[in-house]
Each structure stands twice: as structure tokens, then as C-alpha cells.
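Work through these exercises with the model open. Try each task before reading its solution.

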Amino acid sequence: MSSFRVISKQTRFKIGLVVVVIIHIGMFYGFWRVHAKQLGDKVYEMDIYAAKAAEGLAFYEALSSDECVKILNEQAPKLGMPVYVEPPEGAKDAETVAKNAKTAEKKTPPAEVKLDPSLFYASSPKCKGIAAVPAGAEKLGAEGFVGLELNIDTAGVVQYGEISRSSGFADLDNAALKQVKENLTFNPCKKGDAIVGCKQVIKFRWKTN
């Protein structure tokens with residue numbers, strides 16, 4: 001008699017079920033990693049649809065009047081990165097020199113930490129003409145908006161733009177992009193005191209009531 005034990009049908013069913021569950025868990029985890037753009041061991045949330053991702057963005061509302069555009073929110077400056085400035089070679093330890101000027105040894109003090117100039121985002125848009133509110137804009141509702149990623153040059157002109165967050169209505173998305181690119185100019189971005197070109201993500205909607 002063979003010592004091999006035949007697995008019952010019920011046991012095979014349970015094993016198959018466990019395998020299927022494990023495979024599905026692995027697939028969902030893989031999709032989640034791609035969606036969140038996991039880099040190494042850290043997860044960086046990149047979803048522009050998430051409420052928190054859109055909270056701090058500049059927010060503008062187009063008006064069908066001479067005012068043309070209303071500022072609902074402007075972005076705070078992005079703080080500069082720490083920069084370590086090495087002191088001149090051969091600098092002396094002032095405290096030691098004061099105690100014993102004749103025998104003081106030359107020492108190099110630690111590097112000084114400064115901040116790279118902050119980036120001030122483009123702001124205060126102005127219109128070339130009255131905004132043309134597209135038909136059906138009311139479909140967005142009171143909280144609806146379109147997310148736009150813009151390249152703004154040193155003159156405050158939008159040189160390039162693309163839709164980064166759809167409102168759910170392609171015609172309204174395209175109308176918003178057209179309006180911002182062709183009808184708005186900004187006070188350009190600044191890096192410290194220097195005027196620079198920059199990339200900026202904004203929220204945009206139409207005033208419909």
C-alpha cells in the first residue's frame with residue numbers, strides 16, 4: 001500500500017482559495033505602490049485629486065465682468081533649502097585669539113548655515129479681456145475646479161499649460177486651459193529678489209451665480 005496520502009477535494013479547494021486570495025492581495029498592493037509612486041522605502045503621495053494635495057494651491061475664479069478674475073487663494077512662498085557656506089581658508093577662532101593673541105592657533109570654524117532664496121510663486125493675475133464663461137460651467141458645482149499646471153516666463157506670460165486635475169468634464173477642462181493661457185498674465189515668480197521663470201500648479205473655476 002502506498003504511503004502517499006491523497007489530498008481530499010475539500011482540502012484542495014481550501015488551498016486553492018488561499019492561493020487566489022494571496023494573488024489578489026499582491027495585485028492590489030502592486031497597484032497601490034504605482035498609484036502612490038513609491039520611491040524606495042518611502043511613499044510620496046502624488047494624487048492631485050486628494051483634498052490635501054489641492055489645499056495650498058493658488059485658486060482663481062473667472063468672472064464675466066470687467067474685473068474678469070477673482071483671487072480666492074495665493075500660494076505662500078516656498079522656503080529655500082539650507083546652504084552650507086564654508087568659511088575662508090585659514091580663518092581664526094576669534095575667542096582663542098582674544099585670550100592669547102601671540103600663541104593662538106589658526107582654526108577653521110564650522111560651516112555657516114544659510115537659506116537659499118525662497119521661491120515666490122506667480123501671483124495677482126490680470127485679464128486681457130472679459131472672461132467668456134463656457135456653457136455648462138454650472139455643472140462643476142460650488143466646489144468644482146480644474147487643476148492646471150503652467151509654465152510662466154519672466155514676463156508673467158503663460159508659455160505652456162496642461163490639465164493636471166480634470167473637473168470630470170473635458171470641454172470645461174479645455175476651456176479653462178484656454179482661458180488661463182490666452183487671457184491671463186501674472187506677476188512673475190521670484191527667487192529672492194531675482195525674477196525667474198517657473199512651473200506652477202493652480203486651481204481654476206468660473207463664477208456662475
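**Exercise 1.** Which residues of α4 are buried?

Solution. The model is predicted. Step one: apply the cut-off, since buried means under 20% relative accessible area. Step two: list the hits, which are L172, D173, A176, L177, Q179, V180 and N183. Step three: recall the helix geometry. An α-helix has 3.6 residues a turn, so residues three or four places apart point the same way. Step four: find the packing partners. The buried residues of α4 pack against β8 (123-127), β9 (146-152), β10 (158-165), β11 (184-187) and β14 (198-206).

**Exercise 2.** Check the span of helix α4 (residues 170-183) at 1.5 Å a residue.

Solution. Step one: the helix has 14 residues. Step two: the expected span is 1.5 Å times one less than the number of residues, so helix α4 should span 20 Å. Step three: compare with the model, where the end C-alpha atoms are 19 Å apart, which agrees.

**Exercise 3.** Is R205 buried or exposed?

Solution. Step one: locate R205 in strand β14. Step two: read its relative accessible area, 16%. Buried means under 20%, so R205 is buried. Step three: list its contacts. Not counting residues up to four places away in sequence, R205 touches F59, Y60, E61, A62, L72, A142, E143, G144 and F145.

**Exercise 4.** In what order do the three strands of the open sheet lie?

Solution. Step one: the order is β7-β12-β13, with antiparallel pairing. Step two: β7 (119-120) and β13 (194-196) are the edge strands, each pairing on one side only. Step three: two bridges join β7 to strand β12 (residues 189-191). Step four: L119 has K191 in β12 as its bridge partner.

Technical notes. Residues numbered from 1 in each chain as written. Predicted model: local features only at pLDDT ≥ 70, side-chain atom pairs only at ≥ 80, totals over all residues. Heavy atoms only, no water. Helix = DSSP H or I, 4+ residues; strand = E, 2+ residues; numbered from the N terminus. Buried < 20%, exposed > 50% of the residue type's maximum accessible area, 1.4 Å probe, protein only. Contact = heavy atoms within 4.5 Å. Pairing = 2+ DSSP bridges.
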